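Subject: Structure handover

Hello,

Here is the structure I promised you. Please open it and keep it in view while you read my notes below.

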Amino acid sequence: MIDLLQQSWPWYVAGPLIGLTVPALLLIGNKALGISSSLRHVCAACVPAGIPFLTYDWRKESWNLWFVLGIALGGFLGYQVLGHPTTVGISAATVRDLHTQMGLTDFSGLLPRELFALENLANWKGWVFLVLGGFLVGFGTRYAGGCTSGHAISGLSNLQWVSLVAVIGFFAGGLLMTWVIYPLMF
């Protein structure tokens, strides 16, 4: 069983399992799958400052906080119990491109250390990339009315027009960042 859990699962197994979560949540509790709303619930619980956006009964949606806690705990336990790769399995062409175009050399661990290390907060690029980028992602998900999982999985499965527009925006923004803005920064 451990061997099965330590392997990457093919898309045709993992995808339907994620996809079946949406109708299960809808049927069992009339809930929509989404993660970004939990940030609002945490802020409403911790910052009772009378801000209208945070003035609501967040306890009614506390199931979402347990859901996010379960995701974090499951990820931590999976990493600790099932082990983790010393290097991520990416193609040699990608490694070559990352090395020649961006100067990345350390591919040990799950993320390139040159990009995702605490030492990077000591320079302006690190702050822009990690702190400002993280804030913009969080702000953008709330401004768009949900995150990628909420829109792409729940919203599209419910045939919501706003989710289709949001998903198109996510992909367009990702392409713009990957091919235009990111190469200018690094």
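Start with one polar contact: the side chain of serine 36 reaches the backbone nitrogen of cysteine 147 at 3.3 Å. Before you go further, note that this is a predicted model.

**Serine 36**

Where does serine 36 sit? Its place is in the loop between α2 and α3, and α3 covers 37-46. Is serine 36 buried or exposed? Serine 36 has a relative accessibility of 11%. Buried means under 20%, so serine 36 counts as buried. Now look at what surrounds it. Leaving out residues up to four places away in sequence, serine 36 touches Thr141, Arg142, Gly146 and Cys147. Cys147 is thus on the contact list, and its backbone nitrogen is the partner in the polar contact.

**The whole protein**

Next, zoom out. The protein has eight helices and zero strands. Read along the sequence, the pattern is α-α-α-α-α-α-α-α. The C-alpha trace spans about 50 × 45 × 35 Å along its principal axes. There are 186 residues, and 17% of them count as buried. Take the contacts with a separation of 6 or more: residues 24 or more positions apart account for 40% of them. The protein exposes about 13,200 Å². Carbon and sulfur atoms supply 72% of that area.

**The annotated regions**

An unreviewed UniProt entry carries the annotation "transmembrane region". It covers residues 12-30, 63-82, 124-141 and 161-182. I looked at two of these stretches in the model. Residues 12-30 are 95% helix and 0% strand, with the end C-alpha atoms 26 Å apart. Residues 161-182 are 100% helix and 0% strand, and there the end C-alpha atoms are 30 Å apart.

**The nonpolar patch**

Now go to the surface. A nonpolar patch of about 1,000 Å² is made by Met1, Ile2, Leu4, Leu5, Trp9, Trp11, Tyr12, Val13 and Leu17. Two elements give two or more residues to this patch: α1 (2-6) and α2 (11-29). Which element gives the largest share? That is α2, with four residues.

Pick out tryptophan 11, one of the patch residues. Tryptophan 11 lies in helix α2. Its relative accessible area is 70%. Exposed means over 50%, so tryptophan 11 counts as exposed. Set it beside serine 36: tryptophan 11 is exposed, whereas serine 36 is buried.

Best wishes

Conventions: Residues are numbered from 1 along each chain as its sequence is written. This is a predicted model: local features need pLDDT of at least 70, side-chain atom pairs count only at pLDDT 80 or more; totals for chains, interfaces and linings use all residues. Side-chain values use heavy atoms; hydrogens and water are left out. Patches are made of residues with over 30% relative accessible area and no salt bridge: like charges are joined within 9 Å, nonpolar side chains (Val, Leu, Ile, Met, Phe, Trp, Tyr) within 5 Å. Accessible areas come from the Shrake-Rupley method with a 1.4 Å probe; for residues, only the protein chains shown count as cover. A salt bridge is a side-chain nitrogen of Lys or Arg within 4 Å of a carboxyl oxygen of Asp or Glu. Buried means under 20% relative accessible area, exposed over 50%, partly exposed in between (1.4 Å probe, protein chains only). UniProt positions are given in the numbering used here, feature names are shortened, and annotations may be inferred rather than shown by experiment. A polar contact is a pair of N or O atoms within 3.5 Å; within protein, one must be able to donate a hydrogen and the other to accept it, and residues adjacent in sequence count only if both atoms are side-chain atoms. Contact means heavy atoms within 4.5 Å.
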